[in-house]
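Me: Please take a close look at one helix of this model and at the parts that surround it. I would like a careful, connected account of how the pieces meet.

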Amino acid sequence: MNSKRQAMRLLAMSLSFTAVWSRAADATPALPEVSALPVRAALPDPLVTDDGQKITASTQWPARREQIKQILEHYAIGHAPPPPGNVTGHERAAQIMVDGKVTGRLVHLTFGPESKLGFDVVILIPSETATLKAPFPTIVQPTFTHVLGTNALTTNAWEKAASQFAEPLRRGYAVVAFYYQQCGLDQPDFRQSGFFPAYPGYDWGDLAAWAWAMSRCVDYLQTQPFADQAKIIAVGHSRLGKAALVAGAFDERFALTAPAGSGCGGTGAYRFNGQGRGGKEGLEDAAKRFPQWFGPRLPAFAGQVEKLPFDQHWFLALVAPRLFIAADGLSDPAANDNALIQAYLAAKPVYALLGAPTHLGINFRPGGHQLAPADWQAILDFSDQHLRQLGVNRQFDQLPSAAELH
Ligand code: GCU
């Protein structure tokens, strides 16, 4: 390219950067600088507006919900681009497995500017039986590895993938799983990777990008007859539980949001985790070790979390009146259980106001940092109880005793 053309290209790029940037920035009303925010020792009430008005009727909630979304984008996770609207899927491979009980498909989704973005998803669909009929409730889950591995697509690789999701498949749930780092690398120079270069000017971090990828899976599911559109479920563990929380909070097509072991930056209220606030990982630790997860303003709250104008229970509140369950281990070294309990309690009034008090669930099991079989059982039981209305007799409001909290 000659230098004049190159200069023109750079100019065009910088103009489009400015245009995109101002679009993203215009969407947010002027919000105070972090230094100008007041100290709030208690968890900020999601039912009190910025100008101090108490929300007392469900009709007032949609406007407040929009305000909450803007505050969370601004201070916590950054601004994601709008839905691209052009998601298409190309099937790369398919396999029948588990003695004919499961069909697997490897699909490459493409979308975005000039359809240049994309990632692979593995779709596992249970076969119909006398009692389980399509369309199936469908789980969307980012995963820590490629569930089919990175080598040749052997029968064994498919069987292994299905075995990871044996419980949901057995119970008649379809699964869409994708390796999260296709969408944005989980490292501080993440902005050169995944979706980020295609959207200059948007200040989203990795959690928002991984969540946005979950929404692209839903775009595709909307074209797929196997999926029950009213029963789409966001699941994720740990940092991917944090992403599932963002996805379910911002995308109302998720009927159930189920983060597990998501801890700090997930379901744990910042005011109740970290050194001096109850222990385990806190905002200071997460923002320092994993700055890529957040929007650019969150690290400024290190050492002054009581200045946060929000706390993580606001994400739980955004899910209301849809279904939410947090599944956690009682001795998870990565997640402070009391911080989750505080977020759960502080989100309750929103579910009550919207007439859905039982749609907010919590479940603790013994054990540590993993997406354990007992977590799957809790999530699927909660889903069977509410989404499928199968008459599951189980409570999801049981809090551990003080002695059980580690
Ligand atoms: C680290 C991190 C946690 C995160 C976890 C994980 O432990 O501190 O915030 O949830 O990794 O993703 O496994």
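**Helix α5 and its surroundings**

Reply: In this predicted model, helix α5 covers residues 206-221, and because 16 residues at 1.5 Å a residue should span 22 Å, the 23 Å that separates its end C-alpha atoms agrees with that expectation. The helix is mostly covered, since 16 of its 16 residues are counted as buried.

One neighbour of α5 is helix α6, and the axes of these two helices come within 8 Å while crossing at roughly 65°. The crossing in which α5 passes α6 is right-handed. On the α5 side the contact is made by Leu207, Ala208, Trp210, Ala211 and Met214, which meet Arg239, Leu240, Lys242, Ala243, Ala244, Val246 and Ala247 of α6. Sorted by class, the residues of this contact comprise 10 nonpolar and two charged ones, with no polar residue. An α-helix has 3.6 residues a turn, so residues that lie three or four places apart point the same way.

Helix α6, residues 239-250, also meets helix α2, residues 61-77, and here the axes come within 11 Å and cross at roughly 150°. Angles over 145 degrees count as roughly antiparallel, and α2 and α6 are therefore roughly antiparallel to each other. The crossing of this pair is left-handed. From α2, the residues Arg65, Lys69, Leu72, Glu73 and Ile77 take part, and they meet Val246, Ala249 and Phe250 of α6. By class, this contact of α2 with α6 holds five nonpolar and three charged residues, and no polar ones. Val246 of α6 is thus listed in the contact with α2 and also in the contact with α5.

Helix α2 is itself mostly covered, with 12 of its 17 residues buried. The buried residues are Trp61, Arg64, Arg65, Ile68, Lys69, Ile71, Leu72, Glu73, His74, Tyr75, Ala76 and Ile77. These buried residues pack against α5 and α6, and also against α8, residues 313-319, and α9, residues 337-353, which places α5 among the partners of α2. Directly after α2 comes glycine 78, whose phi is positive, near 85°.

The approach to α6 from the other end of the sequence deserves a separate look. Serine 238 is found in the loop between β6, residues 227-237, and α6. Its phi is near 65°, a positive value in a residue other than glycine. With a relative accessibility of 11%, serine 238 counts as buried, because the cut-off for that class is under 20% relative accessible area. A second residue other than glycine with a positive phi is glutamate 114, where the angle is near 55°. Glutamate 114 sits in the loop between β2, residues 102-111, and β3, and with a relative accessible area of 67% this residue is exposed, whereas serine 238 is buried.

The α8 side, which α2 also packs against, leads to a cis peptide bond. The bond from alanine 320 to proline 321 is cis, with omega near 0°. Alanine 320 is found in the loop between α8 and β8, and proline 321 lies in the loop between α8 and β8, residues 323-329, as well. Alanine 320 is buried, with a relative accessible area of 4%. Leaving aside residues up to four places away in sequence, alanine 320 touches Trp61, Val350, Tyr351 and Leu354. Trp61 is one of the buried residues of α2, so that the loop after α8 can be followed back to that helix through a contact of alanine 320. As for leucine 354, its C-alpha atom is 7.2 Å from that of alanine 320, although the two residues are 34 residues apart in sequence.

A cis peptide bond also joins alanine 134 and proline 135, where omega is about 0°. Proline 135 has its place in the loop between β3, residues 117-126, and β4, residues 136-143.

Lastly, glycine 367 lies in the loop between β9, residues 360-365, and α10, residues 373-386. At 25% relative accessibility, glycine 367 counts as partly exposed. Apart from residues up to four places away in sequence, glycine 367 touches Gly329, Leu330, Ser331 and Asp332.

Technical notes:
Residues are numbered from 1 along each chain as its sequence is written. This is a predicted model: local features need pLDDT of at least 70, side-chain atom pairs count only at pLDDT 80 or more; totals for chains, interfaces and linings use all residues. Side-chain values use heavy atoms; hydrogens and water are left out. Helices (H or I, at least four residues) and strands (E, at least two) are DSSP runs, numbered from the N terminus. The expected span of a helix is 1.5 Å times one less than its number of residues. Buried means under 20% relative accessible area, exposed over 50%, partly exposed in between (1.4 Å probe, protein chains only). Axes are lines fitted to C-alpha atoms, for helices over the stretch in contact, and angles run from 0 to 180 degrees between N-to-C directions. Angles under 35 degrees count as roughly parallel, over 145 as roughly antiparallel, 65 to 115 as roughly perpendicular and the rest as oblique. A crossing is left-handed if the near helix is turned anticlockwise from the far one by less than a right angle, and right-handed if clockwise. Contact means heavy atoms within 4.5 Å. Ala, Val, Leu, Ile, Met, Phe, Trp, Tyr, Cys and Pro count as nonpolar, Asp, Glu, Lys and Arg as charged, and the others, Gly among them, as polar.
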